[in-house]
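Here's a quick briefing for anyone opening this structure for the first time. Take a look at the model, then read on.

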Amino acid sequence: MQQIRRLHPYTDQTALITDRVVGITEVANQCIVAKGCFRCVLAGGETPRRLYQQLPSIATDWSRWVIYFGDERCLPTTDSGRNDNMAAAAWLDHVAIPRTQIYRFRAELGPAPAADDYANTLKNIGDFDLVLLGIGEDGHTASLFPYMQQTLYDDVVTTAVYAAPKPPPQRVSLSARRLSATDRLWFLVCGENKREALSHWLTERPLPALTVTPSGGVDIYTDILLP
């Protein structure tokens, strides 16, 4: 499926974060009213961290939030380099989301066991309401890297990663297909170091970010002003 993209440029990262806090509040509360819960997939990275730090102050029914993760690093459970610990420190530890509704990867088990375990967690879960993603300088998203092109379209839910080009090499990720099973998908792309990757993506170079193809398209929120 061809990816549908909508680009939303901002003059600076602060304006982007402020606007997306409003956006996620509106989406969450609409979903809670419509179907009783809000299922959200979290990204790692500095821009998502800044977003998460603003969320504890929003007005919402936290008991109705259900949290998943797009990927995780295979590190010990207490390691600050894990995406789940970053999200917990910035946001999740400060709000009343039931801990039974926060689904972490058991990445400490290693890539393959963690991938199998999380696939089982998602077995009876339908489409997400919102997936948050970013891109790296090489065009990777979640823990789907360019060298993995031959496997990005596999009909799987999760992917075990053994040779990530940045540390740690062992990771686990939702597949492009599972990330695409969502009503809304937002990419947060900030910083001049992402300019080349964003430009390549928008001109449809074969990057992992291009393989995430929800039927409703993707929205790209960025502070990179392209010509």
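The radius of gyration is taken here over C-alpha atoms, and the rule for a globule is 2.2 Å times the number of residues to the power 0.38. Put the 227 residues of this protein into that rule and a compact globule would come out near 17 Å; the protein has 16 Å, so the two agree. Keep in mind that this is a predicted model.

**Overall build**

- You'll find 6 helices and 9 strands in the protein.
- Along its principal axes, the C-alpha trace spans about 40 × 40 × 30 Å.
- Of the 227 residues, 53% are buried.
- Take the contacts between residues at least 6 apart in sequence: 76% of them join residues at least 24 apart.

**Surface and charge**

- The accessible surface adds up to about 10,000 Å², and carbon and sulfur atoms account for 51% of it.
- There are 22 positive and 25 negative charges, and their mean positions sit 2 Å apart.

**Cysteines**

- How many disulfides does the count come to? The count is 0.
- A disulfide needs two cysteine sulfur atoms within 2.5 Å. For Cys37 the closest cysteine sulfur belongs to Cys31 at 7.9 Å, so that pair is too far apart for a bond.
- Cys40 also has Cys31 as the owner of its closest cysteine sulfur, but the gap is 9.6 Å, which is too far for a bond.
- Is Cys37 buried or exposed? Cys37 counts as buried because its relative accessibility is 16%, and the cut-off for buried is under 20%.
- Cys40 counts as buried too, with a relative accessibility of 0%.

**Thr47, in a helix**

- Thr47 has its place in helix H2, which covers residues 46-54.
- With a relative accessible area of 8%, Thr47 is buried.
- Which residues does Thr47 touch, once you set aside those up to four places away in sequence? They are Gln13, Ile17, Leu188 and Cys190.

**Ala96, out in a loop**

- Look for Ala96 in the loop between helix H3 (83-90) and helix H4 (111-121).
- Ala96 counts as exposed because its relative accessibility is 56%, and exposed means over 50%.
- Leaving out neighbours within four places in sequence, Ala96 is in contact with Trp62 and Ser63.
- Ser63 and Ala96 are 33 residues apart in sequence, yet their C-alpha atoms are 6.4 Å apart in space.

**Backbone spots to check out**

- Pro167 and Pro168 are joined by a cis peptide bond, with omega at about -5°.
- Pro168 belongs to the loop between strand S6 (158-161) and strand S7 (171-174).
- Ala142 has a phi near 50°, a positive value in a residue that isn't glycine.
- That Ala142 sits in the loop between strand S5 (130-133) and S6, and it counts as buried at 13% relative accessibility.
- Glu204 has a positive phi as well, near 65°, and it isn't a glycine either.
- You can find Glu204 in the loop between helix H6 (195-202) and strand S9 (218-222).
- Glu204 is partly exposed, with a relative accessible area of 37%.

Technical notes:
Residues are numbered from 1 along each chain as its sequence is written. This is a predicted model: local features need pLDDT of at least 70, side-chain atom pairs count only at pLDDT 80 or more; totals for chains, interfaces and linings use all residues. Side-chain values use heavy atoms; hydrogens and water are left out. Helices (H or I, at least four residues) and strands (E, at least two) are DSSP runs, numbered from the N terminus. Buried means under 20% relative accessible area, exposed over 50%, partly exposed in between (1.4 Å probe, protein chains only). Contact means heavy atoms within 4.5 Å. Accessible areas come from the Shrake-Rupley method with a 1.4 Å probe; for residues, only the protein chains shown count as cover. Lys and Arg count as positive and Asp and Glu as negative; His and the chain ends are not counted. The place of a charge is taken as NZ of Lys, CZ of Arg, CG of Asp or CD of Glu.
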